[in-house]
Amino acid sequence: MQMFSQNPAAAYRRVALEARIEASGSADLTRICLEEAQAALGHALIALERGLAAPREPLTRAQTILLWLAQSVAPGHPLGASLKAFYGGLAGQIGGNVLQADAVSLSAIQNDISDILAAAGQ
């Protein structure tokens with residue numbers, strides 16, 4: 001319980017995320033993951049704008065989400081190989097930014113995720 005008292009905003013986000021996951025179907029889960037990765041990249045970009053140190057926590061979070069997505073593409077999915085390469089490639093790019101973050105690179109990754117979310121919404 002002490003973990004929740006140290007960062008109430010993080011606790012609220014976690015509870016909200018868990019509620020969304022519980023209420024979602026499998027198709028919605030991918031959207032939720034992409035939205036979470038996009039939000040984590042947004043947090044990293046804000047830290048960079050403020051001149052803070054390399055934002056490892058949000059970058060690691062985004063990278064982990066994308067690696068999970070790459071590993072969980074359904075076998076036999078018609079775009080399976082492309083999705084695995086796409087998610088894995090984004091995760092690799094994020095990994096390259098963990099120690100030396102580059103706002104332009106992170107913005108491009110965030111835009112790629114936005115494009116996928118927009119395409120999935122159509």
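**View 1. R31 in its pair with E35: R31 is partly exposed, with a relative accessible area of 27%.** Partly exposed lies between buried (under 20% relative accessible area) and exposed (over 50%), using a 1.4 Å probe and protein chains only. The model is predicted, so local features need pLDDT of at least 70 and side-chain atom pairs count only at pLDDT 80 or more, while totals for chains, interfaces and linings use all residues. Residues are numbered from 1 along each chain as its sequence is written, and side-chain values use heavy atoms, leaving out hydrogens and water. What joins the side chains of R31 and E35? They meet in a salt bridge, with 3.5 Å from N to O. A salt bridge is a side-chain nitrogen of Lys or Arg within 4 Å of a carboxyl oxygen of Asp or Glu. E35 also counts as partly exposed, because its relative accessibility is 23%. Both residues belong to helix α3 (residues 26–49) and sit 4 residues apart, about one turn of the helix. Helices (H or I, at least four residues) and strands (E, at least two) are DSSP runs, numbered from the N terminus.

**View 2. A second salt bridge joins E36 and R61.** Here the closest N and O atoms are 2.7 Å apart. This pair links distant parts of the chain, as E36 lies in helix α3 and R61 in helix α4 (residues 56–71), 25 residues apart. Is R61 buried or partly exposed? R61 counts as partly exposed because its relative accessibility is 37%. Side chains of opposite charge can pair when their charged atoms come close. The salt bridge count comes to 2, so once you have looked at Views 1 and 2 you have met both pairs.

**View 3. A40 is a buried residue of helix α3.** Its relative accessible area is 3%, which is why A40 counts as buried. Look for P58: A40 and P58 are 18 residues apart in sequence, but their C-alpha atoms are 4.7 Å apart in space. Which residues does A40 touch, not counting those up to four places away in sequence? They are P58, R61 and A62. Contact means heavy atoms within 4.5 Å. You may recognise R61 from View 2, where it pairs with E36.

**View 4. Q110 sits in helix α6 (residues 103–121).** Q110 counts as buried because its relative accessibility is 18%. Leaving aside neighbours within four places in sequence, Q110 is in contact with Q38, L41, G42 and L45. E35, from View 1, can serve as a landmark: the C-alpha atoms of Q110 and E35 are separated by 9.9 Å, although their positions lie 75 residues apart along the chain.

**View 5. D112 is another residue of helix α6.** D112 is partly exposed because its relative accessible area is 29%. Which residues does D112 touch, once those up to four places away in sequence are set aside? They are F86 and L90. D112 and F86 are 26 residues apart along the chain, with 9.6 Å between their C-alpha atoms.

**View 6. The largest nonpolar core has 23 residues.** Such a core is a set of buried Ala, Val, Leu, Ile, Met, Phe, Trp, Tyr and Cys residues joined through side-chain atoms within 4.5 Å. L41, L66 and I113 have the most contacts inside this core. The elements giving two or more residues to the core are α3, α4, α5 and α6, and the largest share, 7 residues, comes from α3. Neighbours within four places in sequence aside, I113 is in contact with L34, A37, Q38, L41, L66 and L90. In soluble globular proteins, nonpolar side chains tend to be buried together.

**View 7. The chain has 6 helices and 0 strands.** Read along the sequence, the pattern is α-α-α-α-α-α. Of the 122 residues, 30% count as buried. Among contacts between residues at least 6 apart in sequence, 63% join residues at least 24 apart. The mean pLDDT (the predictor's confidence in each residue, from 0 to 100) is 85, and 78% of residues reach 70 or more. Which element has the lowest mean pLDDT? That is helix α1 (residues 2–6), at 53, while helix α5 (residues 80–95) has the highest, at 96.
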